[in-house]
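Biologist: I'm new to this one, so could you show it to me and let me ask as we go?

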Amino acid sequence: VEISVVTSNENKFRELAELAKEYNIKLRWINLPKVEIQADSLEEIVRNSAIIAYNMIKSPLIMEDSGLFIEALNNFPGPYTNYVRRTIGLEGILKIMQGIENRNAYFMTAICYIDDKIVKVFTGKINGRISYSIRGDKGFGFDPIFIPEGEDRTFGEMNLEEKNKYSHRGKAFKEFVKFYLTYIS
Ligand code: ITT
Ligand code: NA
């Protein structure tokens with residue numbers, strides 16, 4: 001069985017495809033923007049997006065919604081991470097965080113799988129901290145300012161395999177795989 005991944009973000013697809021290889025799951029990229037409702041939780045957003053996409057594509061697919069949650073900012077930007085990236089960007093976040101000693105933050109991903117029988121959401125979370133400067137040119141999005149727990153390097157300083165080992169996306173995808181492999185057998 002082939003599963004489609006509907007996302008406008010090629011980096012996301014690359015990370016997911018690399019993870020899927022380990023389990024012999026084939027992913028196919030459908031490059032479409034996701035329709036996002038405004039809601040407080042990534043789970044709710046992605047479930048809605050997936051239902052909308054499924055009505056167009058009508059074959060098994062996954063979609064995902066991710067966000068960066070900063071403790072000192074009461075979990076902002078969270079579901080607004082994409083908007084913040086397009087507006088104030090990484091520099092803007094570092095500026096807001098100037099003089100703030102609590103750098104705690106986490107990344108979260110919610111993955112929704114949908115087919116003609118089921119709609120199911122899986123999540124993954126990685127704790128870490130916001131760096132004091134932009135470091136590294138690998139990865140994408142907020143990777144150059146996020147340092148995962150137990151590391152000194154930002155995600156921007158890690159290659160794709162290293163990031164996948166720790167990442168929110170890697171964890172959410174593993175949860176999905178646990179479900180999926182028993183579901184199809
Ligand atoms: P689709 O909605 O088309 O899937 P997107 O890039 O808009 O692509 P999200 O809404 O899930 O995806 O992403 C929200 C923001 O979080 C976006 O600006 C990303 O760059 C950023 N982001 C997502 N995953 C990330 C990761 O693993 N590392 C760093 N930044 C990430
Ligand atoms: Na988005």
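Biologist: Where does ligand 1 sit?

Modeller: This is a predicted model: local features need pLDDT of at least 70, side-chain atom pairs count at pLDDT 80 or more, and totals for chains, interfaces and linings use all residues. Residues count from 1 along each chain as written, chains are lettered from A and ligands numbered from 1 in written order, and side-chain values use heavy atoms without hydrogens or water. A pocket is an open set of points on a 1 Å grid over the protein atoms alone where a 1.4 Å probe fits, with protein on both sides within 12 Å along at least five of seven lines; to sit there, a molecule needs more than half of its atoms within 2 Å of the grid points. By that test, ligand 1 is in the largest pocket.

Biologist: Which elements give two or more residues to the shell around ligand 1?

Modeller: Helices (H or I, at least four residues) and strands (E, at least two) are DSSP runs, numbered from the N terminus. Those giving two or more residues are β3 (61-70), α3 (81-87) and α6 (168-184).

Biologist: How far is an oxygen atom of ligand 1 from an N or O atom in the side chain of His-168?

Modeller: A polar contact here is a pair of N or O atoms within 3.5 Å. Ser-66 offers a polar backbone atom 2.9 Å from a ligand 1 oxygen, and Arg-169 has a polar side-chain atom 2.9 Å from one. For the His-168 side chain, the distance is 2.8 Å.

Biologist: Why is the pair of Phe-69 and Tyr-106 stacked?

Modeller: A search of the whole structure turns up 15 aromatic pairs, meaning Phe, Tyr or Trp (six-membered) rings with centres within 6.5 Å; planes under 30 degrees apart are stacked, over 60 edge-to-face, the rest tilted. Phe-69 is in β3 and Tyr-106 in β5 (residues 104-114), so the pair ties together parts 37 residues apart in sequence. Their centres are 4.8 Å apart, and the pair is stacked because the planes are at 5 degrees.

Biologist: Which residue does a cis peptide bond join to Phe-76?

Modeller: Omega is about 0 degrees at that bond. The partner lies in strand β4 (residues 76-77), and it's Pro-77.

Definitions and conventions:
A polar contact is a pair of N or O atoms within 3.5 Å; within protein, one must be able to donate a hydrogen and the other to accept it, and residues adjacent in sequence count only if both atoms are side-chain atoms. On a 1 Å grid over the protein atoms alone, a cavity is a set of points where a 1.4 Å probe fits but cannot get out, and a pocket is an open set with protein on both sides within 12 Å along at least five of seven lines; lining residues have an atom within 4 Å of a point.
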